[in-house]
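Please examine the sequence and the three-dimensional structure shown below. The report that follows treats selected loops, strands and cavities in turn.

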Amino acid sequence: MRVLKPNPAQRRTLLGATLVAMAAGLNAPALMDISRSRYHEFKINKPGYLARYGHWDVADMPERFQLNSIHATLLPTGKVLLIAGSGNDIRLFEGGAFKSTLWDPARKTFQKIATPKDLFCSGHTQLPDGRLLIAGGTARYEVLRGDVKRAGGAMLIKNEDPDKAPVFPKGTLFRSLGGKEYASQLAVRVPRAKKKTSTRHGKRGKSHKKTKVTVTASEARVYVEATAPGRQGITNTSEQYEIKGLAGDDRHNFYGMANKLGMDKKDFQGIRDAYVFDPFTEKYIRTDPMRQARWYPTLVSLADGRVLAVSGLDDIGQVVPGKNEIYDPVKRTWPAGPHRYFPTYPTLLLLKGGKLFYSGSNPGYGPAAQGRIPGVWDLKHNTFRPVRGLPDPTVLETSSSVLLPPAQDQKVMVLGGGGVGESRTSTARTAIADLTAPHPVYRRGPDLPEKTRYLNSVIMPDDTVFTTGGSRDYRGRGASDILQAQIYHPRSRSFTPAAAPTVGRDYHTEALLLPDGRVAVFGSDPLFGDKDNTRPGTFEQRVEVYTPPSLYRTSRPRLQGGARQVHRGHTVTYTTAEAARIRTARLIHPGSATHVTDVDQRSVALDIRRGRKSVTVTVPKDPTVVPSGWYMLFVTDRHGTPSKGAWIHVR
């Protein structure tokens with residue numbers, strides 16, 4: 001049988017075909033991935049998909065404005081203030097490089113804002129006039145035990161002089177009888193000693209009387225470190241310390257007292273400083289400092305316009321032991337508030353009647369067996385009524401909480417969460433408490449698609465709650481970020497899927513509703529950068545914006561005119577060509593979020609009256625339902641399509 005051999009040209013063709021086939025075989029996975037990616041991009045941009053699931057876009061933020069977003073607040077100008085401070089970067093902390101960026105999502109512009117202190121992990125809430133109150137922040141980064149170079153701890157400075165209240169500057173030296181010296185790490189003011197004069201009359205028939213003067217020493221606490229490095233600075237006994245540089249009576253009237261000063265792990269420490277950010281001048285303005293230093297505190301607005309500050313790590317790195325305080329924005333003072341202990345960043349929500357509900361959610365720091373039980377807190381009488389029934393009650397840390405819309409229904413939902421500290425435990429549980437019930441309890445809601453901690457939850461104009469992101473493990477460990485989003489429907493008590501985000505979010509993440517009805521998501525601070533947990537993580541600086549399905553419909557209601565200022569119980573009228581199809585009106589308070597905690601956001605239902613080409617809405621009278629402040633007014637049509645938010649100041 002004759003065998004035909006290919007000629008040289010045919011051999012080259014066959015060889016080329018073989019190589020192409022081999023290359024195709026070797027690169028099949030890559031080619032398949034490209035094909036899948038292109039098909040996915042095609043699918044998620046089809047009109048039918050957009051109208052059902054919505055869409056995500058990454059905002060184009062120039063590099064010079066990028067920062068580690070730890071705090072995010074929507075201001076009444078429509079701009080978003082992003083605060084990093086040192087942004088969990090000890091190099092920036094030590095260099096004093098504190099950052100804030102102002103983002104205008106409508107105009108797509110950015111602006112750097114001079115930041116006076118390290119407001120990293122501060123607390124914040126919006127005041128009735130629209131300014132943002134920010135209190136606390138970072139005085140010192142944590143130092144792990146093996147990295148501690150000098151002994152340190154708490155020093156009590158005693159003052160036995162009723163006529164002086166000295167300020168001891170940072171670096172003040174304290175010396176023990178044995179010659180060990182310690183330097184204060186912050187400036188501290190010591191109040192005057194208390195002087196009490198009492199008079200005692202003589203026995204009957206005697207006219208003389210005796211006057212007795214009693215002086216009780218005051219004290220203030222400050223963190224100190226040994227001037228000598230290593231173990232030679234350790235003191236394991238209670239000691240009295242003289243303050244170097246004092247003379248005369250001051251040497252005896254002012255002195256230090258300390259117990260153990262060792263080389264244990266040093267936790268983060270807070271500051272007492274407080275500022276307001278003016279959204280109209282776009283500047284930070286210093287206000288009176290708090291009584292207590294706080295890092296990871298919660299600030300919550302009360303019905304009368306004052307602000308309650310609770311919890312946080314103090315100036316020696318311990319959880320503030322229930323010493324709460326209330327900011328008066330008129331007097332700019334911080335009188336003491338009702339005493340109650342909470343772990344750091346507790347979620348506290350204002351209820352009808354002025355009480356607060358503690359959902360149990362918190363981002364961490366504090367013992368597992370203290371301050372974890374949810375309940376209703378009566379500030380006036382300082383009583384606390386537990387609300388029980390929560391499934392997985394020990395898996396609340398890093399959970400999300402929201403006052404379900406509308407606020408008049410007084411229902412609170414908690415979503416997901418993790419175990420205390422660096423626990424690997426997480427849960428898909430949701431639960432809802434109806435706080436109008438005579439004896440409220442949590443009842444189980446629908447599960448999330450996956451076990452999730454660090455979930456962002458945002459109230460939407462159509463009374464749904466948009467939830468996105470999170471991770472299964474602590475700080476995204478094991479590449480466990482969840483690229484999913486879903487929408488909770490309170491009426492049907494169910495979730496429906498939304499378009500999947502492209503950016504993972506875990507620790508140090510926030511989300512806000514924007515005035516145009518979109519949702520912006522910021523931050524994320526994973527512990528590691530790979531699945532095997534071998535590379536350190538990188539802070540996520542991209543901003544991703546979700547456009548909900550309702551905004552892909554052919555038209556949306558439009559509002560024109562209307563007063564910018566309104567009193568509770570009064571009405572506002574807007575012109576609109578869509579009056580006949582408008583079904584609901586909601587006042588939504590702009591959010592101010594950090595660590596997936598946002599106690600500012602709430603949606604208030606308004607009574608609505610329709611004219612031929614107008615709608616008139618009535619603001620509720622109850623200040624505990626609609627506290628004074630700036631709100632976005634949204635109306636929705638019969639399909640749930642919202643208008644753009646119209647800014648309105650409730651006074």
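His 595 is found in the loop between strand 43 (592-594) and strand 44 (603-605), where strands (E, at least two residues) are DSSP runs numbered from the N terminus. The phi angle of His 595 is near 50 degrees, a positive value in a residue other than glycine. His 595 is buried, with a relative accessible area of 5%; buried means under 20% relative accessible area, computed with a 1.4 Å probe on protein chains only.

The model is predicted, and local features need pLDDT of at least 70, side-chain atom pairs count only at pLDDT 80 or more, and totals for chains, interfaces and linings use all residues. Residues are numbered from 1 along each chain as its sequence is written, and side-chain values use heavy atoms, with hydrogens and water left out.

**Thr 509 and its surroundings**

His 595 is one of the residues in contact with Thr 509, contact being defined as heavy atoms within 4.5 Å. Leaving aside neighbours within four places in sequence, the contacts of Thr 509 also include Tyr 454, Asn 456, Val 521, Phe 522, Gly 523, Ser 524 and Val 596. Thr 509 belongs to strand 37 and is buried, with a relative accessible area of 0%.

Which side chain is joined to that of Thr 509 by a polar contact of 3.1 Å? It is the side chain of Asn 456. A polar contact is a pair of N or O atoms within 3.5 Å; within protein, one atom must be able to donate a hydrogen and the other to accept it, and residues adjacent in sequence count only if both atoms are side-chain atoms. In addition, a polar atom of the Thr 509 side chain lies 2.8 Å from the backbone oxygen of Phe 522.

**Strand 29, strand 30 and the loop between them**

Strand 29 and strand 30 run antiparallel and are joined by 4 bridges; two strands pair if DSSP finds at least two bridges between them. Ser 401 has Val 414 as its bridge partner in strand 30. From strand 29, Ser 400 and Val 402 point one way, while Ser 401 and Leu 403 point the other way, and all are buried.

The loop between strand 29 and strand 30 (411-415) contains Pro 406. Pro 405 and Pro 406 are joined by a cis peptide bond, with omega at about -10 degrees. Gln 410 is placed in the loop between strand 29 and strand 30 as well. Although Gln 410 is not a glycine, it has a positive phi of about 55 degrees. Is Gln 410 buried or exposed? At 5% relative accessibility, Gln 410 counts as buried.

**Two hairpins**

Strand 6 (residues 123-126) is joined by 4 bridges to strand 7 (residues 132-135), and the two run antiparallel. Gly 123 has Ala 135 as its bridge partner in strand 7. Gly 123 and Thr 125 point one way from strand 6, His 124 and Gln 126 point the other way, and all are buried. These two strands form a hairpin with 5 residues between them, and Gly 130 in the turn has a positive phi of about 95 degrees.

Strand 45 (residues 607-610) and strand 46 (residues 614-618) also pair in the antiparallel sense, over 4 bridges. Here the hairpin connection runs through 3 residues, and Ile 608 stands opposite Val 617 in strand 46.

**Cavities**

On a 1 Å grid over the protein atoms alone, a cavity is a set of points where a 1.4 Å probe fits but cannot get out, and lining residues have an atom within 4 Å of a point. Grid points are joined across faces, edges and corners, and a volume is the space filled by probe spheres set on the points. By this rule, there are 4 cavities of 30 Å³ or more.

| Cavity | Volume | Residues nearest the centre |
|---|---|---|
| Largest | about 180 Å³ | Ser 301, Leu 350, His 589, Asp 600 and Pro 627 |
| Second largest | about 150 Å³ | Ser 457, Val 458, Ala 511, Asp 598 and Gln 601 |

The largest cavity is lined by 16 residues. By class, its lining has 9 nonpolar, 5 polar and 2 charged residues; Ala, Val, Leu, Ile, Met, Phe, Trp, Tyr, Cys and Pro count as nonpolar, Asp, Glu, Lys and Arg as charged, and the others, Gly among them, as polar. Strand 22 (298-301) and strand 25 (348-350) each supply at least two residues of this lining.

The second largest cavity is lined by 21 residues, which divide into 10 nonpolar, 9 polar and 2 charged. Strand 29 (400-403), strand 33 (456-459) and strand 37 (509-513) each supply at least two of them. Strand 37 gives the most to this lining, with 5 residues.

Conventions
On a 1 Å grid over the protein atoms alone, a cavity is a set of points where a 1.4 Å probe fits but cannot get out, and a pocket is an open set with protein on both sides within 12 Å along at least five of seven lines; lining residues have an atom within 4 Å of a point. Buried means under 20% relative accessible area, exposed over 50%, partly exposed in between (1.4 Å probe, protein chains only).
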